[in-house]
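Biologist: I've got the model open and I'd like to quiz you on the wording. Can you back up each term with its cut-off?

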Amino acid sequence: MKVESRNLHLRFGNFTALNDLTFELSDEKIYGLLGRNGAGKTTLLSIMAAFRESSSGSIAINGEEPFENAKIMQQIAFMYDKDYSDESENAKSILEFAERYRPNFDMDYADYLIDRFKLDKKKSISKFSKGMQSAFNVIMGLVARTPITIFDEAYLGMDAPSRNIFYEELLEDQQNHPRIMILSTHFVSEMDYLFDEVVILHEGNMLLQEETDALLAKGATMTGHADIVDDVVQSKQQINVQYLGQTKAVTVYGELSDEETKMAVKQGLEVTPVSLQDLFIHLTKGTDEDESSV
Ligand SMILES: Nc1ncnc2c1ncn2[C@@H]1O[C@H](COP(=O)(O)OP(=O)(O)OP(=O)(O)O)[C@@H](O)[C@H]1O
């Protein structure tokens with residue numbers, strides 16, 4: 001399975017929600033799709049999942065346009081924060097219906113997950129609490145075992161212990177049945193360990209796509225006496241600056257050699273890694289006064 005996007009644009013009237021996106025997802029791994037509110041994540045995922053057509057450019061799943069393509073749609077599960085208030089069916093009937101059109105559907109795994117999330121299979125979905133509906137949604141996404149599985153904030157209503165069960169199951173099932181798994185989330189610090197690769201959208205543009213380890217290796221915070229910090233970071237891209245009296249902490253982004261790190265430490269600076277959440281925050285910072293880094 002391969003997702004290829006070439007110069008993808010999506011406009012809502014005069015507003016460009018997605019701007020010239022060119023990227024590929026070609027490995028069976030977990031992609032974390034990050035972006036601030038309104039960055040375009042849901043819009044992109046709905047094009048990928050055949051819910052929407054692009055304005056121009058192309059998206060291809062294994063070489064085929066997904067929109068109105070039944071063959072491709074069967075291979076993609078798009079789970080989002082769905083409202084089930086009008087759903088009269090119970091969990092059992094919905095699972096049985098899904099089993100009919102999902103070739104890799106695993107009903108035994110569904111039963112196991114229904115128990116693990118403590119759901120009542122015979123109860124109407126509309127009577128489930130918000131968190132139970134979310135849990136049911138992630139169960140549907142996992143047990144379908146589609147070659148492309150997308151969770152767009154589908155876990156929003158779940159409490160922390162339930163989200164933790166989801167993360168455990170996701171990692172184990174992904175290991176046993178690898179697929180292209182895309183997770184869009186605002187729970188960055190909680191979910192960062194799940195991602196093999198990170199894609200960040202910013203205001204409809206592709207900000208970066210990179211393996212998580214390689215991305216994290218590009219960030220470092222240098223803390224120490226302001227003059228020394230300034231000297232060390234002057235040739236680097238500085239994405240955040242903080243002052244604490246005479247002490248200055250500058251987060252840099254880019255290639256940082258072992259030699260440069262050693263030199264910084266030798267000059268008395270503390271060099272610390274940057275979390276994915278902090279990198280994401282700093283790299284997508286606005287230019288407003290209230291968002292400035294100092
Ligand atoms: N049907 C629509 N008509 C007009 N504008 C829309 C429509 N759907 C989305 N947009 C706009 O497109 C942009 C991207 O929206 P999208 O829902 O894809 O963002 P997102 O990254 O998923 O945001 P969030 O994290 O807040 O869910 C936003 O500015 C939004 O207002």
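Biologist: Fine, start small: which residue stands opposite Ile182 in strand 7?

Modeller: Tyr31 stands opposite Ile182. Keep in mind that this is a predicted model, where local features need pLDDT of at least 70, side-chain atom pairs count only at pLDDT 80 or more, and totals for chains, interfaces and linings use all residues. Residues are numbered from 1 along each chain as its sequence is written.

Biologist: What makes strand 3 and strand 7 a pair?

Modeller: Strands pair if DSSP finds at least two bridges between them. Strand 3 and strand 7 are joined by four bridges and run parallel, so they pair by that rule. Strand 6 (residues 148–152) also runs parallel to strand 7, with five bridges, and Asp152 stands opposite Ser184 there.

Biologist: And what counts as a strand or a helix here?

Modeller: Both are DSSP runs numbered from the N terminus: helices are H or I with at least four residues, strands are E with at least two. The protein comes to eleven helices and 13 strands that way.

Biologist: Why is strand 7 called largely enclosed?

Modeller: A residue is buried if 20 or more other C-beta atoms lie within 10 Å of its own, exposed if 12 or fewer, and partly exposed in between, with C-beta atoms placed from the backbone. In strand 7 (residues 180–184), five of the five residues are buried, so the rest of the structure largely encloses it. Ile180, Ile182 and Ser184 cover one side, Met181 and Leu183 the other. Across the protein, buried residues make up 34% of the 294 residues.

Biologist: How do you know that the buried residues of helix 11 line one face?

Modeller: Those residues are Leu276, Leu279 and Phe280, in a helix spanning residues 276–283. Down the axis of helix 11 they fall within an arc of 100 degrees, taken from the directions from the helix axis to the C-beta atoms, so they line one face.

Biologist: What puts a residue in the shell around the ligand?

Modeller: Its C-beta atom, placed from the backbone, has to lie within 6 Å of the molecule. Among the residues that qualify are Phe12, Asn37, Lys41 and Thr42. Helix 1 gives the most, with three residues.

Biologist: Last one: how does that shell split by class?

Modeller: It has four nonpolar, six polar and one charged residues. Ala, Val, Leu, Ile, Met, Phe, Trp, Tyr, Cys and Pro count as nonpolar, Asp, Glu, Lys and Arg as charged, and the others, Gly among them, as polar.
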